[in-house]
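Student: I'm new to this one, so could you walk me through it?
Tutor: Sure, let's take a look together.

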Amino acid sequence: MIWSSRSCKRVFVFVVLLASSAAVALIEDGSLINGDFETPPPGGFSPDAQFPDGPATIPSWKSNGTVELVESGQKQGGMILIVPQGTHAVRLGNDAEISQEVKVEKGSIYSVTFSAARTCAQLESLNVSVPPASQTIDLQTLYSVHGWDSYAWAFQADVDDVRVVFKNPGMEDDPTCGPIIDDIAIKKLFVPDKSKDNAVLNGDFEEGPWMFRNASLGVLLPTNLDEETSSLPGWIVESNRAVRYIDSYHFTVPEGKRAIELLSGKEGIISQMVQTKPNQRYRLTFSLGHAGDSCKQPLAVMAFAGDQAQNIHYTPDSNSTFQSANLNFTAKAERTRVAFYSIYYNTRTDDMSSLCGPVVDDVRVEKSGSRDIKLQGFRLTMCLFLHFFLLLLV
């Protein structure tokens, strides 16, 4: 059977459309469908919109247990409920959950960003999961005076179709008490290529979780000891408090668009294991500064490289918001731990309550003297060039 050119064209168009539909089906970076909960449910919004078990009544979400759409300014007793962004958010009662089916790329790492606030219970927490991976985040610590914070959590997709679940694991006497969640987004993470002259992966912190352009609080990275599924590729948060991922749109960043603000003193540590050669001398360098968020000084970090540690204070300069710092060390093994934490427990001067701290950026680990050798080589080349140029003129 001989196909006509028209038939071939039809098959070609069908294949292209099929491939396009498959590509569109994959989740794109950004907000999940109705991730801000501003899409009206059937019948519209109402003050007491509780939903029973079963099919999703909140558009694009499935609910289980006591799930309530709350509105900005809504009161419960003498308390005004906090809505992180926009007009509406979701509150989860005892053991309640919401979930959404998402099509992803098997084997890839994704980070889920979301905003959360607690209501009437003292010890509220929120479990975020993509089964079987999950993490429970304590919401008791408030990092700002706004009453809510944004968080990020990462997972590796074991299959192409996953279910993103948010659950309140608490059981309170008042079944309506529970965390409020809003602004849920997702981002596929890429591990940056390791440069030849820097052993640190993602040392500029440019690769990280999704950040909403209109969100001015940054994104908190809670404890995560699994470097394979970190919202900050290459790095882990190995302490019981979070660190803050910040952007240049709302904060002062030493270089590029992203950086890390260290919070809560020794309770907020970031670290990375870098590849080294035993007995080889190295130099750890990084940028240290402030975030431009009215953080009370002094600001200082403790920097670690293998068995070396150094206390480095930020000294303000009228011409710059950051300074360069360095630490020399000799590697003892094929992998060396590099880590940072804030020496002080800093708060903002404008509210005396919001947690803040020094900013770290552009982290590098190079063989000691490598930059000096390159610079000397460049200078020698330029000197020889000028010498021959002058000889030609003569």
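Tutor: One term before we start: two residues are in contact when heavy atoms of theirs lie within 4.5 Å. This is a predicted model, where local features need pLDDT of at least 70, side-chain atom pairs count only at pLDDT 80 or more, and totals for chains, interfaces and linings use all residues. Residues are numbered from 1 along each chain as its sequence is written, and side-chain values use heavy atoms, with hydrogens and water left out.

Student: Which residue's side chain does the side chain of serine 111 join in a polar contact of 2.9 Å?
Tutor: Start with where serine 111 sits: strand β9, residues 109-117 (strands are DSSP runs of E, at least two residues, numbered from the N terminus). Leaving out residues up to four places away in sequence, serine 111 touches Ala152, Trp153, Ala154, Ala185, Ile186, Lys187, Leu189, Pro209 and Ser231. A polar contact is a pair of N or O atoms within 3.5 Å; within protein, one must be able to donate a hydrogen and the other to accept it, and residues adjacent in sequence count only if both atoms are side-chain atoms. The partner at 2.9 Å is serine 231.

Student: Is serine 111 buried or exposed?
Tutor: Buried means under 20% relative accessible area, exposed over 50%, and partly exposed in between, using a 1.4 Å probe and protein chains only. Serine 111 has 0% relative accessibility, so the word for it is buried.

Student: Which residue offers the backbone nitrogen that lies 3.2 Å from a polar atom of the side chain of serine 354?
Tutor: Serine 354 is in the loop between β25 (346-347) and β26 (355-356), and it is buried at 3% relative accessible area. Not counting residues up to four places away in sequence, its contacts are Tyr143, Ser144, Val145, Asn346, Thr347 and Arg348. One of these is 209 residues away in sequence, yet 5.8 Å away C-alpha to C-alpha. That backbone nitrogen belongs to valine 145.

Student: And which side chain joins that of serine 354 in a polar contact of 2.8 Å?
Tutor: Here the contact runs from side chain to side chain. The partner of serine 354 is aspartate 351.

Student: Which residue's backbone oxygen does the side chain of serine 342 reach at 2.8 Å?
Tutor: Serine 342 is in strand β24 and is buried, with a relative accessible area of 0%. Among the residues it touches are Leu262, Gly268 and Pro358. The backbone oxygen reached at 2.8 Å is that of tyrosine 344.

Student: Which element gives the largest share of the largest nonpolar core?
Tutor: A nonpolar core is a set of buried Ala, Val, Leu, Ile, Met, Phe, Trp, Tyr and Cys residues joined through side-chain atoms within 4.5 Å. The largest has 37 residues, and those with the most contacts inside it include Phe205, Ile260 and Phe340. Elements giving two or more residues include β19 (269-275), β20 (281-289) and β24 (335-342). The largest share, 4 residues, comes from β20.

Student: How many residues are in the second, separate core?
Tutor: Val90, Leu92, Phe155 and Ile186 are included in that core. Its count is 36 residues.
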